[in-house]
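User: Please take a close look at the strands of this model and at the contacts and salt bridges that go with them. I would like one connected account, with the cut-offs stated.

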Amino acid sequence: MKTVISTLLFALVLTTGLFAQQSVTNEKHERVLSHVEDNIFNVTFLDSNKDVVQQGQYWRDGDTYKPHGTWFLFAYGTDEIATTATYYKGKQLTVETIIDGKVIKANKELTAQLDSNIFKKL
């Protein structure tokens, strides 16, 4: 009897967890690429409504396009900038985002400092 009850409880917990999960769908965005000069290309990503969701530049290195310059990520359904990041030939230098109305900034020095503080605590 204990085995039957345990099995039923286990099945109930398992199925409850499965039903609680949300379904997330990644939307494919149209990419519009235009040559600026030399190895620099502007890029704009559009959603299915043709709204701009992200803008930035690429640096072409052979057959590879690397993020370069300033990139903007727009809040869903608006023209408000939610996140700004700067890159140099594929290497991220800074990122600034807005969370609950507060501006959060990070750069290479801050990230390195946070990493070193984490290792000191270990």
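Analyst: What follows goes from the core to the strand pairing and then to the salt bridges.

This is a predicted model, in which local features need pLDDT of at least 70 and side-chain atom pairs count only at pLDDT 80 or more, while totals for chains, interfaces and linings use all residues. Residues are numbered from 1 along each chain as its sequence is written, and side-chain values use heavy atoms, with hydrogens and water left out.

The largest nonpolar core (buried Ala, Val, Leu, Ile, Met, Phe, Trp, Tyr and Cys residues joined through side-chain atoms within 4.5 Å) has six residues, namely Phe-41, Val-43, Phe-45, Val-53, Tyr-58 and Trp-71. Two or more of these residues come from each of β2 (40-46) and β3 (52-61), and β2 gives the most, with three residues. Helices (H or I, at least four residues) and strands (E, at least two) are DSSP runs, numbered from the N terminus. Leaving aside residues up to four places away in sequence, Phe-41 touches, among others, Leu-33, Val-36, Tyr-58, Arg-60 and Tyr-65, where contact means heavy atoms within 4.5 Å.

Arg-60 in turn stands opposite Tyr-65 in β4. Strand β4 (residues 64-74) runs antiparallel to β3 and is joined to β3 by seven bridges; two strands pair if DSSP finds at least two bridges between them. The hairpin of β3 and β4 has two residues between the strands, and Gly-62 there takes a positive phi near 70°. β4 also pairs with strand β5 (residues 81-88), in the antiparallel sense and over six bridges, and Gly-69 has Tyr-87 in β5 as its bridge partner. Six residues separate β4 and β5 in their hairpin, where Gly-77 in the turn has a positive phi of about 75°.

The structure holds three salt bridges, each a side-chain nitrogen of Lys or Arg within 4 Å of a carboxyl oxygen of Asp or Glu. In one of them, Glu-30 meets Lys-50 with the closest N and O atoms 2.4 Å apart; because Glu-30 lies in strand β1 (residues 30-37) and Lys-50 in the loop between β2 and β3, this pair ties together parts that are 20 residues apart in sequence. Glu-30 is partly exposed at a relative accessible area of 36%, whereas Lys-50 is exposed at 53% (buried means under 20% relative accessible area, exposed over 50%, partly exposed in between, with a 1.4 Å probe and protein chains only). Lys-66 forms a salt bridge with Asp-61 at 3.1 Å between the closest N and O atoms.
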